Each structure stands twice: as C-alpha cells, then as structure tokens.
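Q: Got a minute to go through this one with me? I'd like to talk through a few loops and helix packings.

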Amino acid sequence: MAAAKRGIQGEPSAREIELKLALRARDLPSLRQRLARLGDGEEVEVDNVYFDTADRLLRGNRMALRVRRIGRRWVQTLKTEARAGALSSRGEWEVPAPRGRLDLGRFPETPLAALLQEHPAARLLPAFRTRFRRTIWNANGGAIEIALDEGEIVAGEERAPLLELELELKSGPVDALYRLASALAGKGKDELALLPAVDSKAVRGYRLAAGESAVPLKANAAAVAGGLTRDTTPAAALRCVVERGTTLLLANAEGGVAARDAEFVHQARVATRRVRSAARLLGGAAGWPASLDAELRWIARRLGAVRDWDVLQAQTMPALVAALPVAKPLAERAAEVRRRDDEALRQALVSPRHARLALRLLRWANSPVDDGSTLASAAGRRLKRLHRRLFESAAFFVVLPVEEQHRVRIRAKRLRYALDLFASALPAKSTKRYVEKLAHLQDELGALNDAVVAGELAPALARAAGIGAQPALEWLEQRHQSHALRAEAALAELSRLPLPWD
C-alpha cells in the first residue's frame, strides 16, 4: 500500500487492489537487481500493531485494524476484505494516529463503528505485530507501487519470517499487475518463483497468535461454483471457477509444503480437476488459452502421484493387511518407495513453473468478459453430451479392460463437475437426487481405481520388502472385481433416474 496514503473520515481512502507474491530467500538478490532497474527504492522501517477483541470480533467480521509507525510518522488503518486471495480488493480507511495511539473516534461511519455499536462492551487489545523493512518503487509511470517487505510477524514469544512482494494498483487495468509480476519473474533458467500468495499478513498474524496451523480448504461445488446464476455467461462462469480453483490450489499447496497432511494434497488435486473440467466444458465459448491445458496437466500429475500413495497407505493397505497379514511388509515399505514422488511434488509446488502457471491462470481469470449465451441456455446440450458419452463407454462395464473402466470413471467425474457448474440452471430437487446417485457411482469407481493403482504399485513395494507380490495382487484383483460389480449396479440405478436437464 502507498506509504503516504491519507484517508477521509467516514469514507474509504481507497479501494486497495493488490497482488501479493511470496518469494524464496534464494531469489531475493536477483529480484533486487531487477527492481533496481526502476531506480533507487525508498527504504522505510515499518512497525505495525494489530488490534482486536479477546474473542477476535474483528477477525470474524473480516476486518483488520492496526496502528503503524512508518519512519517517523504514525497512522491507523482499518481494512475490510471484499475479495480474498492473491489478488485482493479491500476497503481501506487510513487516518493519523497522534503519538501512536489508537483513536476509534477517527473511524466514524465505517464498518468498524457499526460493529462496535452492536457490541458496546467490546474492548480492543493488541493481538500481534509485524515488523519489516519496506523498499518502495514506482512502476508504469506511478500506476503501480511495488513494496518489498523483509521482516517478521511477532505474537508473544512466537516468530514467523516475512518475505513478500506487493504490487498495488494505483490506476489503470488490473492486467498491468500480472504483466509486471511476469516481467519481474523473468523467463528461462533465470526465472524466479514469484508465487501468488493467498494469505495476508493479518491472516498469518492471527494464525500465529492463536497457535493455529493452516487447514485444508475444501474444493467443493460451493467453494468453486457457488454464486453462479442461470444468467451467468459461460465466459464469466469459467473465469470465476478458474480464479477460485487457482486460489484453492495455492492455499492447499502452501499447506501441503509446510505440513505433511494428505488432505492438503487431496483438495489441491480436486481444485485442479475442477478447473480442468470447467475449461474443457466451457473453454471454447470463453476464450480459454489452450496453452494452459498442458501446464495444468503437469501439476495434476504431480498431485495425483502423491494422492495415489496417500490413498494406498491410508485406505487400501490397512484393508489388505487385515485380510492378508503376510502383506504387512508391503505397507511398511510404502514410505520409502514413495519418497521420489513426494519430493517431485514438493519441488514442483515451489518452482518457477508452478508460480508462472498460477500467475497465468489468475491473469486470465481477471481478463475482460464478452457478452454471450447463459448457463441456462448452454446446460441442456452440454449435459446431454456428457451423459451420452458416459453411458456409451460404460456398456458391459464388468468385462471392460481396466483402461476403459478408467475412462468411465473420468467421464462420471466430468458429468458430476458439470452438474455442479450448471446447478443454478437446473431444478434443485431432481438435480440433488441425481448428484447423490452419481456420487455413489463415483465412490465405487474410485474404490475400483484404488485397487488398480495398488496393483500397479505392489510389485515395487514387494521388491523393496524382499517378498513375493502375488498374494497381494490376487487379493487386489478380487477387490477390483467386487467394486466393478457394484459400479455396474450403480450405473444401472443411475440410468433409471429422470434427467434434470430434460
């Protein structure tokens, strides 16, 4: 944000539009060299104290209140979050803070004043602190302010490092932020990993103060497609899904790197699948750049390889060992054999390639939208096609080769995601019933696929354990056939339901 921004009491001094970028410490020297081409940056020491009630009333209402010392000047700032994510849009009120003291009387007719009026007993206390050196440059003739922050977040005895780049739009199109970020990242062997950052300093500070860890964010239908209406155009709908899906991918990927929690990987994978499915469904009518498909496929494969191991260890192996105790050495070797895929994913998520993909996705999601048809007008034709392809490929399911059974699973998933996308244009009751039956089919197809994947991984595990794989492979084949029969029954049950789009 601007170092010299001044506010008007009762009105936002600005609607802050800002792109946050995380960077690796090893990239800092190269980034500084590139920023130096813009001239000498202005360096200032910044010290912020954030305030809230003991029960975090402001946090619960998506507000942040701080007193800041920047150089020799004191200001107090209220921010309200209208749009979370790497590209944030927030209301901001910034006024002087004489002698560095919080003065709530300077925030009349603001969301904070209204909130405190509803809670007259609320008492604001220091919650946490951020301290950093900020170096400021101006780009695009002053249309963008660049701030490089190096320091720490402090909450009691707890500390967390702070190293990020903020690009704030002062005037002009949002696309300029993404162009500048891409230019600073560079290309080829000298490309830097400037990764869009979902969490603000305030979010990180609250988490540190509470001793909380990041939690996986569900990439479900409500999170990715919620709020779309029957009158939304396919172009606008796809941009919404891409932006939300990318944000969920970034948030869960960050948690997956920091903590070994399988659910982060699972939700990152689901987010990626939803983006890919929506792009396949609506991309032709929305100006989707086909060059993004290969990059999404790359990160999906990295996530998928690790997810396969997670399912194997958490679900398939316990059942296998319970039925076949002699297979226990296979389970014990899984952590060793999977190490290569784990490391490949970790490297991918912090790589310049992943950062470039995220920037490209977010840039496209914020590109202009042309008028066109609506979801309501597009739903029937597209859903009919997906339904027809699913059942054409599923005939005589039990005897299909494994590769064709896998194709049925993929087509069922595409139909499910399409129903989520078009839900606002369909009758709620029949759609809900159809989705429930389709979800049951997906469960059976997923369990079938888990048995197939385990069969593919079992020989490597057996070699590492020094035992034969055949008993485990026979058990897995029986499991595969059992779920194939159940999937065929689920397909028959689904085929008898009325179609919500007819």
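Q: Let's start with Asn-140: buried, partly exposed or exposed?

A: Keep in mind that this is a predicted model. Asn-140 counts as partly exposed because its relative accessible area is 44%, and the cut-off for buried is under 20%.

Q: Where does Asn-140 sit?

A: Asn-140 is in the loop between strand S6 (125-139) and strand S7 (144-155). Its phi is positive, about 55 degrees, although Asn-140 is not a glycine.

Q: OK, and Arg-62, what's its phi?

A: Phi of Arg-62 is near 60 degrees, so to speak a positive value in a residue other than glycine.

Q: Which loop is Arg-62 in, then?

A: Arg-62 is in the loop between helix H2 (57-60) and strand S3 (63-70). With 45% relative accessibility, Arg-62 is classed as partly exposed.

Q: Switching to helices. How far apart are the end C-alpha atoms of H13?

A: They're 26 Å apart. Helix H13 covers residues 375-393, and at 1.5 Å a residue its 19 residues should span 27 Å, which agrees.

Q: Which residues of H13 are buried?

A: Leu-375, Ala-378, Ala-379, Gly-380, Arg-382, Leu-383, Leu-386, His-387, Leu-390 and Ser-393.

Q: Why might residues three or four places apart point the same way?

A: An α-helix has 3.6 residues a turn, so residues with that spacing face the same way.

Q: And what do the buried residues of H13 pack against?

A: Five helices are listed by name: helix H7 (234-258), helix H8 (262-286), helix H14 (402-422), helix H15 (428-465) and helix H16 (470-495).

Q: Stay with H7 for a sec. At what angle does it pack with H12?

A: H7 and helix H12 (residues 352-365) pack at about 150 degrees, and their axes are 8 Å apart. The two helices are therefore roughly antiparallel, as the cut-off for that is over 145 degrees. H7 passes H12 in a left-handed crossing.

Q: Which residues make that contact between H7 and H12?

A: On H7 you have Leu-238, Arg-239, Val-242, Glu-243, Thr-246, Thr-247, Leu-249, Leu-250 and Ala-253. H12 brings His-354, Ala-358, Leu-361, Leu-362, Trp-364 and Ala-365. By type, the contact of H7 with H12 divides into 10 nonpolar, 3 polar and 2 charged residues.

Q: What about Ala-236, buried or partly exposed?

A: Ala-236, which lies in helix H7, is partly exposed at 28% relative accessible area. The C-alpha atoms of Ala-236 and Gly-372 are separated by 9.5 Å, with the two residues 136 apart along the chain.

Q: Now H9 and H16, how do they cross?

A: The axes of helix H9 (residues 291-323) and H16 cross at roughly 115 degrees and come within 11 Å. That makes H9 roughly perpendicular to H16. H9 passes H16 in a right-handed crossing.

Q: Who's touching whom between H9 and H16?

A: Thr-316, Ala-319, Leu-320 and Ala-323 come from H9, and Ala-472, Trp-475, Leu-476 and Arg-479 from H16. The contact of H9 with H16 has 6 nonpolar, 1 polar and 1 charged residue.

Q: Last one: is Arg-269 buried or exposed?

A: Arg-269 is buried, at 18% relative accessible area, and it lies in helix H8. Leaving aside neighbours within four places in sequence, Arg-269 is in contact with Leu-303, Gly-304, Arg-307 and Asp-308.

How values were computed. Residues numbered from 1 in each chain as written. Predicted model: local features only at pLDDT ≥ 70, side-chain atom pairs only at ≥ 80, totals over all residues. Heavy atoms only, no water. Helix = DSSP H or I, 4+ residues; strand = E, 2+ residues; numbered from the N terminus. Expected span 1.5 Å × (residues − 1). Buried < 20%, exposed > 50% of the residue type's maximum accessible area, 1.4 Å probe, protein only. Contact = heavy atoms within 4.5 Å. Axes fitted to C-alpha atoms, helices over the stretch in contact; angles between N-to-C directions. Parallel < 35°, antiparallel > 145°, perpendicular 65-115°, else oblique. Left-handed = near helix turned anticlockwise from the far one by under 90°. Nonpolar A, V, L, I, M, F, W, Y, C, P; charged D, E, K, R; others polar.
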